[in-house]
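Trainee: I should like to learn how to read the features of a protein model. May we go through one together?

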Amino acid sequence: MKISKKVICTALAVIMALSAVAVGGFSASAASLKAPKSVKSQNIVNGIKITWSKVSKATGYQVFRGSKKIITTKSTSYTDAVVKAGKNYVYKVKAVNGKKVSPAKKAKKITRMNMMLFSNIENTKNGVKLTWSGRKGADKYVLYRKTTGSYKKITSTTAKSYTDKNVVSGTKYTYKLTAVASKTKSEAYRGVESFVALDTVSNVTARQNLSMDGITLNWSTVKGAASYAVYRQKCTEDGYKKIATVKGTTYNDKSAAAMNPTAYAYTVVAVKDSCESAKTTMKLAPYVPKDGNGENRYYYDNKHDAHIKLYFNTGDVYAEGKALADFLSLGGMYEEKIVEGEDVVALENSVITAKKAGTAVIKITVSDAALNLVNGLANNSVTALSNNTVYLEITVK
């Protein structure tokens, strides 16, 4: 059978057309959407954030939590806010273009943990103490620190507090804290806080002025401190109240008159950038009233000599009406000495310093003239003295 060239050409044209269709169809299949790369999930403040790389020709992306599709978005990130602390999640993402859908790409399993925050940062006598609350799902906490440059890990702990002892007074440190779930290698969103380390104020002393116009406090300089805050507590008050902020290392509390029968306690702290050093307490009491537990610290022996109980911690300083004692001493009306426990307390110019734990007794002898003066000043605030001898019975913890 003879086939004409025209028929052959027509057949070839049809074959070429069909081939073109076939080739076009194959190209479309070959160019189907690829799965997103670098699908990652991380804890942030508002939930778990899923991110992925952009896919060529994709018009959108489907995000799945487990097997459930939770959103279709044109973005390359999504934050899942409907999550529970301590629970594990697996996310996957697919690229889409019309009816075309790519294979899924999974992120690693993640444990939801809420943002880490420091609940307290404070200077102590041992260093900067950082405290935080635990996070559900976490089995350890990692703490980082920097002054400048990059962070360095300083501890990994299961505890909920840490004291950074390797600090320099006056230096600002920035701390970063994260909770970690080891099984899934998940981390909580990190809490960051800056804080100035400050040494505790030392050598705090308080002396009633000889001019009797108040109580003068002195203390040693703290490296890096910008100022010092002075706090005072009266025996009739609960807690300390700030009464002054000064630049130097001395302060005269004129509101505490020498003749005022009120017991005071002072504490001085170093300050820089709103950060304060640990408090150090210095006790001062011209007259000793009943304590907070209602104990009467006065009693009389069978000779009717007065005994006064005093309780200190090691390092406390106490001035028992120093200005008045100095005044009486000038006229030979006043004498005092340690009769027991010379290794426990020190006594100098009517100022007692607690040196170590133990008990001590100080005997005070006054003349008749001094006795009358003291009783006149008591103003019914304490039991008046009836004899010329007073014993201070001291317990140091």
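Mentor: We shall take the features of this predicted model in turn, from the whole chain to single residues.

Trainee: How many helices and strands does the chain have?

Mentor: The chain has 3 helices and 34 strands. Of its 397 residues, 40% count as buried. Among the contacts with a separation of 6 or more, 62% are between residues 24 or more positions apart.

Trainee: How should I read a sheet?

Mentor: Strands of a sheet pair through backbone hydrogen bonds, and the pairing is either parallel or antiparallel. One case here is an open sheet of 3 strands in the order E1-E2-E5, with antiparallel pairing. Its edge strands are E1 (40–44) and E5 (77–80), and each of them pairs on one side only. From one strand to the next, the twist averages 25°.

Trainee: Over how many bridges do E1 and E2 pair?

Mentor: E1 and strand E2, residues 47–51, pair over 5 bridges in the antiparallel sense. To see one such partnership, find Gln42, whose bridge partner in E2 is Lys49.

Trainee: Which strands stand at the edges of the sheet E11-E12-E15?

Mentor: That sheet is also open, with 3 strands and antiparallel pairing. Strand E11 (118–124) and strand E15 (161–164) stand at its edges, each with a single partner strand, so one side of each has no neighbour in the sheet. Neighbouring strands are turned against each other by 15° on average, with direction ignored. Strand E12, residues 127–132, pairs with E15 in the antiparallel sense over 4 bridges. Within this pairing, Lys129 has Thr163 in E15 as its bridge partner.

Trainee: How many bridges join E33 to E34?

Mentor: E33 and strand E34 (residues 389–396) run antiparallel and are joined by 8 bridges. Ile364 stands opposite Val390 in E34. E33, residues 358–366, is also joined by 6 bridges to strand E30, residues 334–340, and these two run antiparallel as well. There, Tyr334 stands opposite Val366 in E33.

Trainee: Let us turn to the interior. Which residues have the most contacts inside the largest nonpolar core?

Mentor: They are Leu217 and Trp219, in a core of 38 residues. Strand E16 (residues 172–181) gives the most to this core, with 5 residues. Setting aside residues up to four places away in sequence, Trp219 touches several others, including Val201, Val204, Tyr228, Val230, Val246, Tyr251 and Val268. Apart from the largest core lies another, of 19 residues, among them Ala306, Ile338, Val344 and Val390.

Trainee: How does one describe two aromatic rings that lie beside each other?

Mentor: A pair of aromatic rings is described by the distance of the centres and the angle of the planes. In this model there are 5 aromatic pairs. The rings of Trp132 and Tyr141 have centres 6.1 Å apart and planes at 55°; because planes between 30 and 60 degrees apart count as tilted, the pair is tilted. Tyr173 and Tyr175 form another tilted pair, with 6.3 Å from centre to centre and 40° between the planes.

Trainee: Are the residues of these two pairs buried or exposed?

Mentor: Trp132 and Tyr141 are both buried. Tyr173 and Tyr175 are buried too.

Trainee: Which charged residue lies over the face of Phe64?

Mentor: Lys92 does, at 5.3 Å from the ring centre. In another case, the charged end of Lys279 sits over the ring of Tyr231, 5.0 Å from its centre.

Trainee: Let us end with a loop residue. Where is Ser53 found?

Mentor: Ser53 is in the loop between E2 and strand E3 (60–65).

Trainee: Why is Ser53 classed as partly exposed?

Mentor: The relative accessible area of Ser53 is 24%, and the class runs from 20% to 50%, so Ser53 is partly exposed. Leaving aside neighbours within four places in sequence, Ser53 is in contact with Pro36, Lys37 and Ser38. You may also compare sequence with space: Ser53 and Ser77 are 24 residues apart in sequence and 8.9 Å apart in space, C-alpha to C-alpha.

How values were computed: Residues numbered from 1 in each chain as written. Predicted model: local features only at pLDDT ≥ 70, side-chain atom pairs only at ≥ 80, totals over all residues. Heavy atoms only, no water. Phe/Tyr/Trp six-rings, centres within 6.5 Å; stacked < 30°, edge-to-face > 60°. Buried < 20%, exposed > 50% of the residue type's maximum accessible area, 1.4 Å probe, protein only. Lys NZ or Arg CZ within 6 Å of the ring centre and 35° of its normal. Pairing = 2+ DSSP bridges. Axes fitted to C-alpha atoms, helices over the stretch in contact; angles between N-to-C directions. Core = buried A, V, L, I, M, F, W, Y, C linked by side-chain atoms within 4.5 Å. Contact = heavy atoms within 4.5 Å.
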